[in-house]
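Visitor: I would like a quick tour, one point at a time. Shall we bring it up on screen?

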Amino acid sequence: MTRTASLGRCGVLVLTGVVGAWLGVATARAEDANKADIEALKKSLAKYEDYTAAVRDLYLSTVGCVYYAGEKIPGAMFYPKGAMGIHFVNAMSVGQKLDPMKPNALIYEPTKKGLKLVGVEWLVPLTPDIKEPPKLFGQTFMGPMEGHYPLIPREFVHYDLHAWLFRDNPNGMFSPTNPNVKCTKAEFPMLEKPTKMMPGPM
């Protein structure tokens, strides 16, 4: 005669509580680790508050200040209303191994006192070996999408992740746009064109 073990209702509740508590601890540890990494990243980027230091390290400006009106356009990426600012991109780092401590782009806001560092961005080109969107700091990259023309060629199909490290964002640190960032003080053209979504990895 075969005996079947059964936890019973109380046992199931206890097991569920233990698993839930373990998952909660694991999530908290992951969040703490991400916070520590983000603080370390902010400290390492402090020198780029002076944009000329960024230029010396080959972060070169795309000139235009990127802004989105928050409109939903069929076939295009949706961005909440707000700015992405002026991007300084280190083109040589794009396509290299993803490094959480070395973003591919620095984001500046034009102000009356000059350019102010407000955020960063990582860019990952879409290649045949990418099977799913990249992740950093527990965040999934947006995309794939075409390049932000005319500042970036449309043919540059990529994933990206923004992080507003130096300017509070009501939409969240990793939102692609920031309504607190303005392009109105830019002496450069503003980009307000939609970015086309591209088919993802199969």
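Visitor: What is the relative accessible area of tyrosine 51?
Guide: Tyrosine 51 sits in helix α2. Helices (H or I, at least four residues) and strands (E, at least two) are DSSP runs, numbered from the N terminus. Buried means under 20% relative accessible area, exposed over 50%, and partly exposed in between, with a 1.4 Å probe and protein chains only. Tyrosine 51 falls in the partly exposed class, because its relative accessible area is 37%.

Visitor: What pLDDT do local features need in this model?
Guide: Residues are numbered from 1 along each chain as its sequence is written, and side-chain values use heavy atoms, leaving out hydrogens and water. The model is predicted: totals for chains, interfaces and linings use all residues, side-chain atom pairs count only at pLDDT 80 or more, and local features need a pLDDT of at least 70.

Visitor: How much accessible area does the nonpolar patch with Tyr51 have together?
Guide: A patch takes residues with over 30% relative accessible area and no salt bridge, joining like charges within 9 Å and nonpolar side chains (Val, Leu, Ile, Met, Phe, Trp, Tyr) within 5 Å. A salt bridge is a side-chain nitrogen of Lys or Arg within 4 Å of a carboxyl oxygen of Asp or Glu. Areas come from the Shrake-Rupley method with a 1.4 Å probe, and for residues only the protein chains shown count as cover. Here Tyr51, Val55 and Leu60 form the surface patch, and their joint accessible area is about 260 Å².

Visitor: Which elements make up the protein chain, and in what order?
Guide: The protein chain holds two helices and nine strands. From the N terminus on, the order is α-α-β-β-β-β-β-β-β-β-β.

Visitor: How far apart are the closest N and O atoms of lysine 42 and glutamate 39?
Guide: Both residues belong to helix α1 (residues 8–45), and they are about one helical turn apart because three residues separate them. Lysine 42 is partly exposed at 25%. Glutamate 39 is also partly exposed, at 42%. Their salt bridge has its closest N and O atoms at 3.9 Å.

Visitor: Which residue forms a salt bridge with aspartate 57?
Guide: Aspartate 57 is partly exposed at 30%. The partner is partly exposed too, at 49%. The closest N and O atoms are 3.2 Å apart, and the partner is lysine 47. The pair links distant parts of the chain, 10 residues apart: aspartate 57 lies in the loop between α2 (51–56) and β1 (60–68), and the loop between α1 and α2 holds lysine 47.

Visitor: Where does glutamate 109, the salt-bridge partner of arginine 167, lie?
Guide: The side chains of arginine 167 and glutamate 109 meet at 2.8 Å, N to O. The pair ties together parts 58 residues apart in sequence, because arginine 167 is in the loop between β8 (158–163) and β9 (190–191) while glutamate 109 is in strand β3 (residues 105–111). Both residues are buried. Six of the seven residues of β3 are buried, so the rest of the structure largely encloses the strand that holds glutamate 109, namely β3.

Visitor: Which strand does β3 join through a hairpin?
Guide: β3 also pairs with strand β2 (residues 82–89), antiparallel over four bridges; strands pair if DSSP finds at least two bridges between them. Seven antiparallel bridges join β3 to strand β4 (residues 114–125). Tyrosine 108 stands opposite leucine 117 there. The hairpin runs through two residues, from β3 to β4.

Visitor: What is the handedness of the disulfide between cysteine 65 and cysteine 183?
Guide: A disulfide is a pair of cysteine sulfur atoms within 2.5 Å, and cysteine 65 and cysteine 183 stand at 2.0 Å, S to S. The pair links strand β1 to the loop between β8 and β9, 118 residues apart. Cysteine 65 is buried at 0%, and cysteine 183 is buried at 5%. The torsion about the S-S bond is about -80°, so the disulfide is left-handed.

Visitor: Which element gives the most to the largest nonpolar core?
Guide: A nonpolar core is a set of buried Ala, Val, Leu, Ile, Met, Phe, Trp, Tyr and Cys residues joined through side-chain atoms within 4.5 Å. The largest has 30 residues, of which Tyr48, Leu106 and Trp122 touch the most other members. α1, α2, β2, β3, β4 and β8 each supply at least two residues. With five residues, the top contributor is β4.
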